[in-house]
Protein chains: 2
Amino acid sequence: MAKFLDSILGRSSTTTAESDYMELDLASFESVSGDSSPASMYVKIATINDLKDTPRVKDEIYNGNIVIVDVSRLKMDKITYERVLKDLRAVAHDINGDIVGLGDQKYVILTPTSVKISRDKIGGGL
Amino acid sequence: MAKFLDSILGRSSTTTAESDYMELDLASFESVSGDSSPASMYVKIATINDLKDTPRVKDEIYNGNIVIVDVSRLKMDKITYERVLKDLRAVAHDINGDIVGLGDQKYVILTPTSVKISRDKIGGGL
């Protein structure tokens, strides 16, 4: 569409040629979110180190957001770890969301109502 | 009396006693998705080892799903890694989604239209 307008208005298309993707560092490939259009949902990254960190995570789920929780430090305390996971699992169950471990259980993915996590992995050869 | 009724009706009260939260292994806390209600969106886990794995990831994004991509093996080949990320970034940009690295860039989170990734981490103390 922009190109079409350009051709009508006689603008040169070369001005945009070097605009994008000239290099790829982290700052550049993460810059996509710079626009101001409102999001319908957020993915939030959280760390749970002890029980007091769970309410904020639960709030996000209740608000309809997805949370990826770093539980790696929590795992050193087995009892707290199990309490927290039991708690999060109950929330996921209550609101018809979902919960699953990622990687070597370093992360736990928590989803809000009617967002599910596929158990089938994509790609990676065998 | 209840026991008497149970015995008449053939019910046993012990059957429900061990229904919930008796133990917490992965199988139990991941079982939330067992219900049959349809999901409005999926979170998919993918691995990209080379360029041929990217189309399936892009398809998921175009279909409105979130993909968490394991790129750890891809990182050994710097050039392919940058090509793949450039590609994924272009998709995220095109559809007004988002892309961000997770952890030590072991994972890349990719979101579909109007789903954004918060750069503010939740919890973790200090």
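Let me begin with a term we will need: a residue is called buried when under 20% of its relative accessible area remains. With that in hand, and keeping in mind that what we have here is a predicted model, I would like to walk you through one sheet, starting from a strand inside it, which is S4 of chain B.

Strand S4(B) covers residues 107–111, and 5 of its 5 residues are buried. If you look at the two faces of this strand separately, you find Tyr107(B), Ile109(B) and Thr111(B) on one side, and Val108(B) and Leu110(B) on the other, and these residues are all buried, so that both faces are covered.

Which strands, then, pair with S4(B)? On the one hand there is strand S2 of chain B, residues 66–70, which runs antiparallel to S4(B) and is joined to it by 4 bridges; here Ile68(B) stands opposite Ile109(B). On the other hand there is strand S3 of chain B, residues 98–102, which is also antiparallel to S4(B), this time over 5 bridges, with Ile99(B) as the bridge partner of Leu110(B). S3(B) and S4(B) together make a hairpin with 4 residues between them, and in that turn Gly103(B) has a positive phi of about 65°.

Let us now step back to the whole sheet, which is open, has 5 strands in the order S5(A)-S1(B)-S2(B)-S4(B)-S3(B), and shows mixed pairing. Its edges are strand S5 of chain A, residues 115–117, and S3 of chain B, each of which pairs on one side only. From one strand to the next, the twist averages 20°. The parallel part of the pairing includes strand S1 of chain B, residues 41–47, which is paired with S2(B) over 5 bridges, and in this pair Val43(B) stands opposite Ile66(B).

Helix H3 of chain B packs on this sheet, where it touches S1, S2 and S4 of chain B, and its direction makes about 155° with that of S2(B). A further helix, H4 of chain B, residues 78–94, lies across S3 and S4 of chain B and runs at about 140° to S3(B).

Finally, I would like to point out one residue of H3(B), a helix that spans residues 54–62, namely Lys58(B). What does the side chain of Lys58(B) make a polar contact with? The partner is the side chain of Asp87(B), at 3.2 Å. Leaving aside residues up to four places away in sequence, Lys58(B) touches Asp87(B), Leu88(B) and Val91(B).

How values were computed:
Residues numbered from 1 in each chain as written. Chains lettered and ligands numbered in written order. Predicted model: local features only at pLDDT ≥ 70, side-chain atom pairs only at ≥ 80, totals over all residues. Heavy atoms only, no water. Buried < 20%, exposed > 50% of the residue type's maximum accessible area, 1.4 Å probe, protein only. Pairing = 2+ DSSP bridges. Polar contact = N/O pair within 3.5 Å; in protein donor to acceptor, adjacent residues only side chain to side chain. Contact = heavy atoms within 4.5 Å. Axes fitted to C-alpha atoms, helices over the stretch in contact; angles between N-to-C directions.
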